[in-house]
Amino acid sequence: MAEECIFCKIAKGEIPAEKVMDTGELMAFKDINPVAPTHILIIPKEHISTLNDLPPEKSALVGAMMIAARDIAKKAGIAESGYRAIINCNRGAGQEIFHLHMHLIGGRPLSAMG
Ligand code: 5GP
Ligand code: ZN
């Protein structure tokens with residue numbers, strides 16, 4: 001765990017979050033500043049700073065994050081209307097929290113990526 005990492009603290013229960021899923025390796029919780037009616041963050045509990053830092057032997061973690069996004073979208077009732085699952089990597093892509101996370105966004109029409 002990185003000492004001052006907000007998402008490590010959420011994973012350890014040291015900072016509260018509105019949890020929607022918790023497994024041995026992953027946690028999902030509501031984004032504090034949602035950009036859409038459904039905006040969930042899915043994180044590995046292990047501290048990995050960015051997608052660039054994910055070792056190939058841990059690639060299954062990202063598969064598990066995708067499946068979690070799919071399942072949460074279904075529970076949230078947006079599987080059919082549509083959703084987006086995104087990982088921002090580094091500042092140029094908008095990454096602000098340097099603990100790997102996937103955004104699950106939906107519940108309104110989403111414009112083209114840019
Ligand atoms: P990034 O820009 O790094 O891809 O996304 C970070 C996300 O984390 C942002 O959407 C931001 O609103 C969210 N966030 C930042 N701090 C907290 C927090 O303490 N709790 C929760 N639930 N979300 C947070
Ligand atoms: Zn962390």
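Which residues does Ile 42 touch, not counting residues up to four places away in sequence? I opened my notebook with that one, keeping in mind that this is a predicted model.

**Entry 1: Ile 42 and the cores**

I listed the neighbours of Ile 42 and found Leu 26, Met 27, Ala 28, Met 65, Ala 68, Ala 69, Ile 72, Leu 100, His 101, Met 102 and Leu 104, with residues up to four places away in sequence left out. I then looked up the largest nonpolar core, which has 18 residues. Ile 42 is among those with the most contacts inside this core, together with Leu 26, Met 65, Ile 72 and Leu 104. I checked which elements supply two or more residues to the core, and they are strand E2 (26-30), strand E3 (38-44), helix H2 (60-76) and strand E5 (102-106). Helix H2 gives the most, with seven residues. I also noted a second, separate core of nine residues, including Cys 8, Ile 10, Phe 29 and Leu 41.

**Entry 2: the zinc site**

Which protein atoms are the donors of the zinc ion (ligand 2)? I found SG of Cys 5, SG of Cys 8, ND1 of His 47 and ND1 of His 99, at 2.0 to 2.3 Å from the ion. The angles among the four donor atoms run from 105 to 117°, and the site is tetrahedral. For comparison, I jotted down that the ideal angle for four tetrahedral donors is 109.5 degrees. Along the sequence, the donor residues follow the spacing C-x2-C-x38-H-x51-H. One pair here links distant parts of the chain: Cys 8 is in helix H1 (residues 6-11), while His 47 is in the loop between E3 and H2, 39 residues apart.

Is Cys 8 buried or exposed? Its relative accessibility is 1%, so Cys 8 counts as buried. His 47 is partly exposed, because its relative accessible area is 24%.

**Entry 3: around ligand 1**

Next I turned to ligand 1. There are 16 residues around it, and those that come nearest are Asp 31, Gly 94, Glu 96, His 101 and His 103. I wrote down three polar pairs. A nitrogen atom of the ligand is 2.8 Å from a polar backbone atom of Lys 30. An oxygen atom of ligand 1 is 2.9 Å from a polar backbone atom of Ile 97. An oxygen atom of ligand 1 also lies 2.8 Å from an N or O atom in the side chain of His 101.

**Entry 4: His 101 and His 103**

Where is His 101 placed? I found it in the loop between strand E4 (83-86) and E5. His 101 has a relative accessible area of 5%, so it is buried. Its side chain reaches the backbone oxygen of His 99 at 2.7 Å, and His 99 is one of the zinc donors from my second entry. Beyond its neighbours within four places in sequence, His 101 is in contact with Phe 7, Leu 41, Ile 42, Ile 43, Met 65, Ile 86, Ile 87 and Gln 95.

The side chains of His 101 and His 103 are joined by a polar contact of 3.5 Å. His 103 is in strand E5, and at 12% relative accessibility it counts as buried. Leaving aside neighbours within four places in sequence, I listed its contacts as Asp 31, His 39, Ile 40, Leu 41, Arg 84, Ala 85, Ile 86 and Asn 88.

**Entry 5: Lys 30**

I went back to Lys 30, which lies in strand E2. Lys 30 has a relative accessible area of 42%, so it is partly exposed. It touches Glu 18, Val 20, His 39 and Ile 40, not counting residues up to four places away in sequence. How far apart are the C-alpha atoms of Lys 30 and Val 20? I read 7.2 Å for this pair, ten residues apart along the chain.

**Entry 6: two last look-ups**

Thr 38 is in strand E3 and is buried, with a relative accessible area of 12%. Its contacts, leaving aside neighbours within four places in sequence, are Ala 76, Ile 78, Leu 104, Ile 105 and Gly 106.

Asn 90 caught my eye for its positive phi of about 75°, although it is not a glycine. Asn 90 sits in the loop between E4 and E5 and is partly exposed, with a relative accessible area of 31%.

Methods: Residues numbered from 1 in each chain as written. Chains lettered and ligands numbered in written order. Predicted model: local features only at pLDDT ≥ 70, side-chain atom pairs only at ≥ 80, totals over all residues. Heavy atoms only, no water. Core = buried A, V, L, I, M, F, W, Y, C linked by side-chain atoms within 4.5 Å. Buried < 20%, exposed > 50% of the residue type's maximum accessible area, 1.4 Å probe, protein only. Helix = DSSP H or I, 4+ residues; strand = E, 2+ residues; numbered from the N terminus. Contact = heavy atoms within 4.5 Å. Donors = N, O, S within 2.8 Å, 3.2 Å for Na, K, Ca; no water. Tetrahedral: all angles 85-135°; square planar, octahedral: opposite > 155°, others 65-115°. Near = heavy atom within 4 Å. Polar contact = N/O pair within 3.5 Å; in protein donor to acceptor, adjacent residues only side chain to side chain.
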